[in-house]
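Work through the exercises below with the sequence and the structure in view. Each task is followed by a solution in steps.

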Amino acid sequence: MTTLTSRCPHCQAMNRIPSERVNDAPKCGKCQSALLEGKPIEGTSDNFAALLNSDKPVVVDFWAPWCGPCQSFAPAFEAVAEQEEGRALFVKIDTEAQQALAAQYRIRSIPTLMVFKNGERVDMMNGALPQNAFSDWLSQHLS
């Protein structure tokens with residue numbers, strides 16, 4: 001049985017989730033909050049492949065801590081993650097900490113947004129967007 005490790009977006013505790021249970025609405029062992037719903041998930045090379053196997057679309061924000069546009073876009077990404085709870089998984093990948101993933105997906109500028117369905121990338125956009133524009137862009141993939 002393979003597992004993925006995910007940091008709880010609510011209490012920051014680390015949780016191991018069996019890969020086959022990603023679609024079963026796992027809860028944090030410490031605070032009992034939903035691990036994969038309503039807030040962006042920290043994407044790593046250890047958990048990203050399992051997250052992509054979700055039966056829901058996966059929305060990814062490739063970002064870096066030093067990037068001003070990334071920092072200004074973060075609240076919009078979080079707000080849309082909350083607004084679209086249950087319809088998609090929202091993942092943030094720090095390109096500085098996860099250089100292998102950044103290289104694998106050929107990230108050349110940040111922020112870069114990608115939408116995956118059934119493990120396949122269906123769309124990509126570079127640059128920060130206002131919340132309404134991001135929501136509008138995303139809605140075409142969540143309907």
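**Exercise 1.** Is Arg87 buried, partly exposed or exposed in this predicted model? Classify its salt-bridge partner as well.

Solution.
- Step 1. Arg87 has a relative accessibility of 38%.
- Step 2. Buried means under 20% and exposed means over 50%, so Arg87 counts as partly exposed.
- Step 3. The side chain of Arg87 meets that of Glu84 in a salt bridge, at 2.8 Å from N to O.
- Step 4. Glu84 has a relative accessible area of 9%, so Glu84 is buried.

**Exercise 2.** How many salt bridges does a search of the whole structure find? Find the partner of Glu42 and place both residues in the chain.

Solution.
- Step 1. Searching the whole structure gives three salt bridges.
- Step 2. One of them joins Glu42 to Arg7, whose closest N and O atoms are 2.7 Å apart.
- Step 3. This pair links distant parts of the chain: Glu42 belongs to strand β3 (residues 41-42) and Arg7 to strand β1 (residues 3-7), 35 residues apart.
- Step 4. Glu42 is partly exposed at 35% relative accessibility, and Arg7 is partly exposed with a relative accessible area of 30%.

**Exercise 3.** Which residue forms a salt bridge with Asp61? Decide whether each of the two is buried or exposed.

Solution.
- Step 1. The partner of Asp61 is Lys92, and their closest N and O atoms are 2.7 Å apart.
- Step 2. Asp61 lies in strand β4 (residues 58-63) and Lys92 in strand β5 (residues 89-94); the pair is 31 residues apart and links distant parts of the chain.
- Step 3. With a relative accessible area of 0%, Asp61 is buried.
- Step 4. Lys92 has 14% relative accessibility, which is under the 20% limit, so Lys92 counts as buried.

**Exercise 4.** Describe how helix α2 and helix α4 pack, and sort the residues of their contact by type.

Solution.
- Step 1. Helix α2 covers residues 68-83 and helix α4 residues 131-142; their axes are 9 Å apart, at an angle of about 45 degrees.
- Step 2. That angle makes α2 oblique to α4.
- Step 3. The crossing of α2 past α4 is right-handed.
- Step 4. On the α2 side the contact holds Phe73, Ala76, Phe77, Ala79, Val80 and Gln83, and on the α4 side Gln131, Phe134, Ser135 and Leu138.
- Step 5. Of the residues in this contact, seven are nonpolar, three are polar and none is charged.

**Exercise 5.** Where does Ile41 lie, and which residues does Ile41 touch beyond four places away in sequence?

Solution.
- Step 1. Ile41 is in strand β3.
- Step 2. Its relative accessible area is 1%, so Ile41 is buried.
- Step 3. Not counting residues up to four places away, Ile41 touches Ser6, Leu35, Leu36, Leu51, Leu89, Phe90, Val91 and Lys92.
- Step 4. Val60 is 19 residues from Ile41 in sequence, and the C-alpha to C-alpha separation of the two is 9.3 Å.

**Exercise 6.** Is Thr95 buried or exposed, and what is Thr95 in contact with?

Solution.
- Step 1. Thr95 sits in the loop between β5 and α3 (99-104).
- Step 2. At 10% relative accessible area, Thr95 is buried.
- Step 3. Leaving aside neighbours within four places in sequence, Thr95 is in contact with Phe62, Trp63, Ala64, Ala102, Ile107 and Ile110.

Terms used. Residues numbered from 1 in each chain as written. Predicted model: local features only at pLDDT ≥ 70, side-chain atom pairs only at ≥ 80, totals over all residues. Heavy atoms only, no water. Salt bridge = Lys/Arg side-chain N within 4 Å of Asp/Glu carboxyl O. Helix = DSSP H or I, 4+ residues; strand = E, 2+ residues; numbered from the N terminus. Buried < 20%, exposed > 50% of the residue type's maximum accessible area, 1.4 Å probe, protein only. Axes fitted to C-alpha atoms, helices over the stretch in contact; angles between N-to-C directions. Parallel < 35°, antiparallel > 145°, perpendicular 65-115°, else oblique. Left-handed = near helix turned anticlockwise from the far one by under 90°. Contact = heavy atoms within 4.5 Å. Nonpolar A, V, L, I, M, F, W, Y, C, P; charged D, E, K, R; others polar.
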